[in-house]
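Could you walk me through this structure in my viewer, one selection at a time? I am new to this and would like to know what to click on and what I will find there.

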Amino acid sequence: MRVKFLETERIFLAPLEERDAAVCYKWFADPEVRRYLSSAAIVNTIEKSKAFIAAANSSSGEALFGIFAKPENVHIGNVSLGGIDLINRNASIGIAIGEKDYLGRGIGRETVKLILKYAFYTVGLNMVFLNVFADNARAIASYERCGFKRRGELPQCFFRDGGFISCVIMSITKKEYESMET
Ligand SMILES: CC(C)(COP(=O)(O)OP(=O)(O)OC[C@H]1O[C@@H](n2cnc3c(N)ncnc32)[C@H](O)[C@@H]1OP(=O)(O)O)[C@@H](O)C(=O)NCCC(=O)NCCS
């Protein structure tokens, strides 16, 4: 039984559990999935995946969810709102769809919009930001469709495949989100 914490017609988000570590491990062992993830150079294990889930679930500053596709309720990826700062009312977002058949079908956009609604109206945040590899065109396009704006670029931020890649910083305020929704 999964707790459907947030949902749309096509997906629901549920807290991750220890039993989800194996599938997360499988995704993050796949070079195609890891290619755009900043933690990719670190060797992963199922034990580390379990520890990652346990640490997020015991932190009051992080909301980590599995993304489940309806109607089969398949676990297809993860999304998190991290570094939740209740004084300055901001947080960062991280997302990865690990099941490749579900990429590029608008599910990333749907998930991010759902998390933004949660961030602004349930958690009470005012701004959400993220960092993305400058060459991750699909992710940047998806975030722009959610209302994120490019705020700047950090040159040579990530080391991948023998070279440095810049990172684009994107953010959205609650006001910008509301102007998109109306
Ligand atoms: C980033 C991610 C969450 C986006 O979710 P998604 O469901 O695949 O993407 P969406 O379908 O919402 O949007 C993709 C958009 O990029 C566009 N796109 C796809 N490939 C593209 C490319 N090579 N160049 C430019 N745009 C591209 C699509 O046309 C679509 O835009 P549209 O809705 O205006 O047509 C998902 O691709 C993913 O998890 N990727 C692997 C891990 C990753 O990159 N995580 C992000 C780390 S910051």
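Here is a tour in a few stops, and please keep in mind that the model is predicted.

**Stop 1: the ligand**

Begin by selecting the ligand and the residues around it. There are 22 of them, and those that come nearest are Ile-97, Gly-104, Gly-106, Gly-108 and Arg-145. Coloured by class, this shell shows 12 nonpolar, 6 polar and 4 charged residues.

Now look for oxygen atoms of the ligand and what lies beside them. At Ile-97, a polar backbone atom is 2.6 Å from a ligand oxygen. At Asn-136, turn to the side chain instead: one of its N or O atoms is 2.8 Å from an oxygen atom of the ligand. Ser-142 also uses its side chain, with a polar atom 3.0 Å from a ligand oxygen. Next, switch on the surface: the ligand taken alone exposes 960 Å², and the protein buries 72% of that.

Which elements supply at least two residues each to this shell? Select strand 5 (90–97), helix 4 (107–123), strand 6 (127–133) and helix 5 (137–145) to see them. Helix 5 provides the largest share, 7 residues.

**Stop 2: strand 3 and its partners**

Move on to strand 3 (63–69). Is it mostly covered or mostly open? It is mostly covered, with 7 of its 7 residues buried. In a regular strand, side chains alternate between the two faces of the sheet. Here, Ala-63, Phe-65, Ile-67 and Ala-69 point one way, while Leu-64, Gly-66 and Phe-68 point the other, and all of them are buried.

Add strand 2 (residues 11–15), which pairs with strand 3 in the antiparallel sense over 5 bridges. To find a matching pair, click Leu-13, which stands opposite Ile-67. Then add strand 4 (74–85). Strand 4 pairs with strand 3 in the antiparallel sense too, over 7 bridges. Here you can click Phe-68 and its bridge partner His-75.

**Stop 3: unusual backbone angles**

Most residues other than glycine have a negative phi, and most peptide bonds are trans. The next few selections depart from those habits.

Stay with the loop between strand 3 and strand 4, where you will find Pro-71. The peptide bond joining Lys-70 and Pro-71 is cis, with omega at about 0°. The hairpin of these two strands has 4 residues between them, and within it Asn-73 takes a positive phi near 60°.

Now jump to Gln-156 in strand 7 (residues 149–160). Its phi is positive, near 50°, although it is not a glycine. Is Gln-156 buried or exposed? It is exposed, with a relative accessible area of 56%. Further along, Asp-161 sits in the loop between strand 7 and strand 8 (163–173). Asp-161 also has a positive phi, about 50°, without being a glycine, and it is exposed, with a relative accessible area of 69%.

**Stop 4: the nonpolar core**

In soluble globular proteins, nonpolar side chains tend to be buried together. For the last stop, select Leu-13, Leu-81, Leu-116, Val-128, Tyr-143 and Phe-148: these have the most contacts inside the largest nonpolar core, which has 37 residues. Strands 2, 3, 4, 5, 6 and 8 each supply at least two residues of this core, and so do helix 4 and helix 5. Which helix gives the most? Select helix 4, which contributes 8 residues.

Key
Residues are numbered from 1 along each chain as its sequence is written. This is a predicted model: local features need pLDDT of at least 70, side-chain atom pairs count only at pLDDT 80 or more; totals for chains, interfaces and linings use all residues. Side-chain values use heavy atoms; hydrogens and water are left out. A residue is near a molecule or strand if one of its heavy atoms lies within 4 Å of it. A polar contact is a pair of N or O atoms within 3.5 Å; within protein, one must be able to donate a hydrogen and the other to accept it, and residues adjacent in sequence count only if both atoms are side-chain atoms. Accessible areas come from the Shrake-Rupley method with a 1.4 Å probe; for residues, only the protein chains shown count as cover. Ala, Val, Leu, Ile, Met, Phe, Trp, Tyr, Cys and Pro count as nonpolar, Asp, Glu, Lys and Arg as charged, and the others, Gly among them, as polar. Buried means under 20% relative accessible area, exposed over 50%, partly exposed in between (1.4 Å probe, protein chains only). Two strands pair if DSSP finds at least two bridges between them. A nonpolar core is a set of buried Ala, Val, Leu, Ile, Met, Phe, Trp, Tyr and Cys residues joined through side-chain atoms within 4.5 Å.
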